[in-house]
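Subject: Structure for you to look at

Dear colleague,

I am passing on the structure that we spoke about, and I would be glad if you could open it before you read my notes. Please keep it in view while you go through what follows.

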Amino acid sequence: MRHKFSKEILYHFNCGVCEKWWSIADHHLFSNNVSKKEEMVPNHIICPHCGHKEEVKEIKDDKK
C-alpha cells in the first residue's frame with residue numbers, strides 16, 4: 001500500500017487593531033483555485049482576540 005498525503009495551507013493573520021496574530025489552516029477556502037465563488041474566503045476576517053472586523057491584505061503587497 002502506498003503512502004497517502006493531503007495538502008494543508010497555513011494562513012497567518014495579524015490584527016490591525018490589537019496587533020495579535022493567529023493562523024488558519026485550510027486546504028482550499030483561501031486558495032485562488034476555488035471553482036465555486038461561494039466557497040471563496042470572505043473579504044473581511046474577524047480577529048479572534050479583540051473582535052475587530054477588517055478587510056484582509058496580503059503581506060507581499062504591504063510596503064512599510
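A residue is called buried when its relative accessible area is under 20%, exposed when that value is over 50%, and partly exposed in between. With a relative accessible area of 4%, Cys 15 is therefore buried. Please bear in mind throughout that this is a predicted model, and that the values below were computed from it.

**The chain as a whole**

The protein chain contains four strands and zero helices, so that, read along the sequence, its pattern is β-β-β-β. It has 64 residues, of which 14% count as buried. The chain exposes about 6200 Å², and carbon and sulfur atoms supply 51% of that area. If you take the contacts between residues at least 6 apart in sequence, 25% of them join residues at least 24 apart.

**The first two strands and their hairpin**

Strand β1 covers residues 9-14, and it runs antiparallel to strand β2, residues 21-26, with six bridges joining the two. Two places where you can follow this pairing are His 12, whose bridge partner in β2 is Ser 23, and Tyr 11, which stands opposite Ile 24 in β2.

The two strands form a hairpin with six residues between them, and Glu 19 is found in the loop that links β1 and β2. What is the sign of phi at Glu 19, a residue other than glycine? Phi of Glu 19 is positive, near 65°, which deserves a second look because most residues other than glycine have a negative phi. Glu 19 also counts as exposed, at 59% relative accessibility.

Asn 14 lies in strand β1 and is exposed, with a relative accessible area of 53%. When residues up to four places away in sequence are not counted, Asn 14 touches Glu 19, Lys 20, Trp 21 and Trp 22. The C-alpha atoms of Asn 14 and Ile 59 are separated by 9.7 Å, although these residues are 45 apart along the chain.

**The nonpolar core and the aromatic pair**

Which residues make up the largest nonpolar core? The five are Phe 13, Cys 15, Trp 22, Ile 45 and Cys 47. As background, nonpolar side chains tend to be buried together in soluble globular proteins.

Trp 22 is a useful residue to start from, since, leaving aside neighbours within four places in sequence, its contacts include Phe 13, Cys 15, Ile 45 and Cys 47, and among the others are Tyr 11, Pro 48 and His 49. The structure holds one aromatic pair, which is formed by Phe 13 and Trp 22, stacked at 5.5 Å centre to centre with 15° between the planes. Both partners are buried, Phe 13 at 13% relative accessibility and Trp 22 at 12%.

**The cysteines**

How many disulfides does the structure hold? The structure holds zero, and Cys 15 and Cys 50 are worth examining with that in mind. The cysteine sulfur closest to that of Cys 15 is in Cys 50, at 3.7 Å, which is too far for a bond, because a disulfide needs the two sulfur atoms within 2.5 Å. Cys 50 is likewise in no disulfide, its nearest cysteine sulfur being that of Cys 15. In exposure the two residues fall into separate classes, because Cys 15 is buried at 4%, whereas Cys 50, at 40% relative accessibility, counts as partly exposed.

**The last strand**

Finally, please look at strand β4, residues 53-55, where Glu 55 has its place. Is Glu 55 buried or exposed? At 52% relative accessibility, Glu 55 counts as exposed. Not counting residues up to four places away in sequence, Glu 55 touches Asn 43 and His 44. Glu 55 and Ile 45 are ten residues apart in sequence, and their C-alpha atoms are 6.3 Å apart in space. Ile 45 is one of the five residues of the largest nonpolar core, which leads back to the part of the model described above.

With best wishes

Terms used: Residues are numbered from 1 along each chain as its sequence is written. This is a predicted model: local features need pLDDT of at least 70, side-chain atom pairs count only at pLDDT 80 or more; totals for chains, interfaces and linings use all residues. Side-chain values use heavy atoms; hydrogens and water are left out. Buried means under 20% relative accessible area, exposed over 50%, partly exposed in between (1.4 Å probe, protein chains only). Contact means heavy atoms within 4.5 Å. A nonpolar core is a set of buried Ala, Val, Leu, Ile, Met, Phe, Trp, Tyr and Cys residues joined through side-chain atoms within 4.5 Å. Two strands pair if DSSP finds at least two bridges between them. Rings of Phe, Tyr and Trp (its six-membered ring) pair if their centres lie within 6.5 Å; planes under 30 degrees apart count as stacked, over 60 as edge-to-face and the rest as tilted. Accessible areas come from the Shrake-Rupley method with a 1.4 Å probe; for residues, only the protein chains shown count as cover.
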